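User: Hello! I am new to this structure and would love a close look at one part of it. Could you walk me through it at an easy pace?

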Amino acid sequence: MSGKGPDVLLFNSLYSDTDPYKLASSGILLDLDAQMETLQRADYFEEILDAGIVNGKQYYIPLSWNVLQVYATEDKVTGNNLYESILQEAEKIADDTSLGLSTYQFFRDDWMNLFMELGGSQVLDAKTGTLQDQKEAVQKTAEFLKVLYGKQEQSNTIGMKYNNDFAGALTHMSFMVENFSMLTHVRFYETLYLRNTQKEMAMSVFTRQDDDGVTAQVINYGAINANTQNVEAAWEFLQSIMDVQASVNFARTQTEQAFYTPVNVKGYEECVRQLTIQKGPTGGKLMVGPLSTEQGDMLYAFPDRITEAVIPNTTFGMIVQECMDPYLQEGVAFDTCYDTLLQRTNLYLSE
Amino acid sequence: MNKGRDKGELQVKREMKKYLFLLPNVIGMLLFYLLSMGYCFLYAFSSKAGRFSFGGLKNYISLFQSATFFMAFTNTYILMGICIVSLFLLTIVLEYVLDSSALHLMLLMLLSVPMLLPPNLITSYAVDLQLSPRIVLVFIFIWKYLGFHVFLLKMAEMGMHTEWMDAALLDHASKWQMFLYIRLPYLFPYIRFLLIFDGVCFFRLFRESYLLYGQYPSDEVYTMIHFFFNNFQNMNYQRLAAAAVVTLVPFMVWNIFLWKAGDQYEMV
């Protein structure tokens, strides 16, 4: 229809190196502000929808989302602050080489950027296209991450030892950090923890540093080619994907088919309902049962905790990582790394 | 009469053959150089990527308002100037010091090897030096091309008439005088070629810069190639085209100057 490239572009933030900020800034995507006015915003999670704003204009339509989840037995998470719980646990297991701090199923190499997104300390504000100088918050994130890096080698050794042995991993690892589908994993780990540790599972998420809000990551998102000759049809197609009820059959979920959380409110609630009545995937002796009412209620209420959402920008994330790696892994002073980060972010934004 | 006509026909055939042999070059030049350059000029006036949509001087205005573009532009030509001047001073020194003996030529051949080596060999070493990025890049540039430059000049010098030097020796000319008044003017066309070649080589230095300092290096070594590369990756083709046109201007002026300037000094 456009004659030059596709009319609708679909992205996956976990499996591509797309730079959503630069792509939107290049003028190749259609500004969807007019289309958004026709949308019944109450039918969708508004904070998630807003993640599609770049430089003050809506260029992307978020289609699904996720949060970085941390699974542990209830006794490992003290109070509400996950950051502190992890730091305390890291100290506790410091001298025990048989224990690891955490497994990390991130599927992202830009750890620093990821934790800056979660903690609300991003230096790049894509929504306004501005640089945010938040040294204190970034330092706090970096200091936390440095502890994780310090424990990583030991954690990896334990992780390798119990590779494909969930029971072993659960008893030797304090936390399981997952970036795969929250909906799939809550039910999966609930069964797994009960079966292998005889303890209740607790799911936690990293909150923002300045409040208890949670930042969600947009996983699938779509946009319209600025050169399209049929905007209406392209928009209609995008909307149909937003409302699609395709991701509710969790019974056959395998790792390759991780279903992420829909942006449509009713779609989300239907997913949770299905989780509480369906049996999960089976493998070996494992049979994942339906989600408990308690965890179901937690999931129903979960969207209320989300105060912000971002489309992960792993391209920029790698710039952040390059700048902060000397601090995280080589002992270079934080100030030096932070100055480099500001200089590069400035370059990134102004070029 | 017939003989004259045959001769004429033969000449036409010869002329045609000449052009026929030139044709592949002309087609190649058109396809890979002139047409793509023309398209680039045109694209610089597009307001968006993908479909051409006339946007006037929008891209140029936006470029000239960008501090980052100016920084990249000035960095490029400053760094290029430092690299080429340093390389040439060293080339001239080595050209003066070394003679055409087998040992020296062997040494020059060894010095030329870095040009063929993969860039990561030197970059890993350069990182350990912890020097200013600009110094590191100048060092890499010299390391890569010095041997080749002197080697090429030495090879060219071997074609020089030995009688000129003999005559100069008879007139008691010093080594420096012979170098200044005979060897250097003789080598001028080759030097001119190398100066043009160096401009191209400088842009190839991006590989090492990228390996060392990534997509966004420190301000002092952020050059036009970074600007091009990043805008290409971000599909901002119209901005990239406008930047390429602006960058081309001094480069072309320099090349035309070199092409025209030294004709009167040529001895070959």
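How many residues does the contact take from chain A and from chain B?

Analyst: Happy to help! Please keep in mind that this is a predicted model. The contact draws on 22 residues from chain A and 24 residues from chain B. Between them, the two chains bury about 1800 Å², with 47% of that area on carbon and sulfur atoms.

Next, the polar side of the story. Nine residue pairs, both at pLDDT 80 or more, are in polar contact between chain A and chain B. Salt bridges between chain A and chain B, on the other hand, come to zero.

Let's turn to the side of chain A that touches chain B. At least two of its residues come from each of α1 (20–25), α12 (314–330) and α13 (334–350) of chain A. The most is given by α13(A), which provides five residues. Sorted by character, the residues on this side of chain A are six nonpolar, 10 polar and six charged.

While you are looking at chain A, here is one of its sheets. Four strands form an open sheet in the order β14-β5-β12-β17 (chain A), and their pairing is mixed. The edges are held by β14 (261–262) and β17 (306–310) of chain A; each has a single partner strand, so one side of each lacks a neighbour in the sheet. Strand β5 (residues 64–66) of chain A runs antiparallel to β14(A), and two bridges join them. To find this spot, look for Trp65(A), whose bridge partner in β14(A) is Thr261(A).

Definitions and conventions. Residues are numbered from 1 along each chain as its sequence is written. Chains are lettered from A and ligands numbered from 1 in the order in which they are written. This is a predicted model: local features need pLDDT of at least 70, side-chain atom pairs count only at pLDDT 80 or more; totals for chains, interfaces and linings use all residues. Side-chain values use heavy atoms; hydrogens and water are left out. Contact means heavy atoms within 4.5 Å. Buried area is the accessible area (1.4 Å probe) that two parts lose on being put together, summed over both. A salt bridge is a side-chain nitrogen of Lys or Arg within 4 Å of a carboxyl oxygen of Asp or Glu. A polar contact is a pair of N or O atoms within 3.5 Å; within protein, one must be able to donate a hydrogen and the other to accept it, and residues adjacent in sequence count only if both atoms are side-chain atoms. Ala, Val, Leu, Ile, Met, Phe, Trp, Tyr, Cys and Pro count as nonpolar, Asp, Glu, Lys and Arg as charged, and the others, Gly among them, as polar. Two strands pair if DSSP finds at least two bridges between them.
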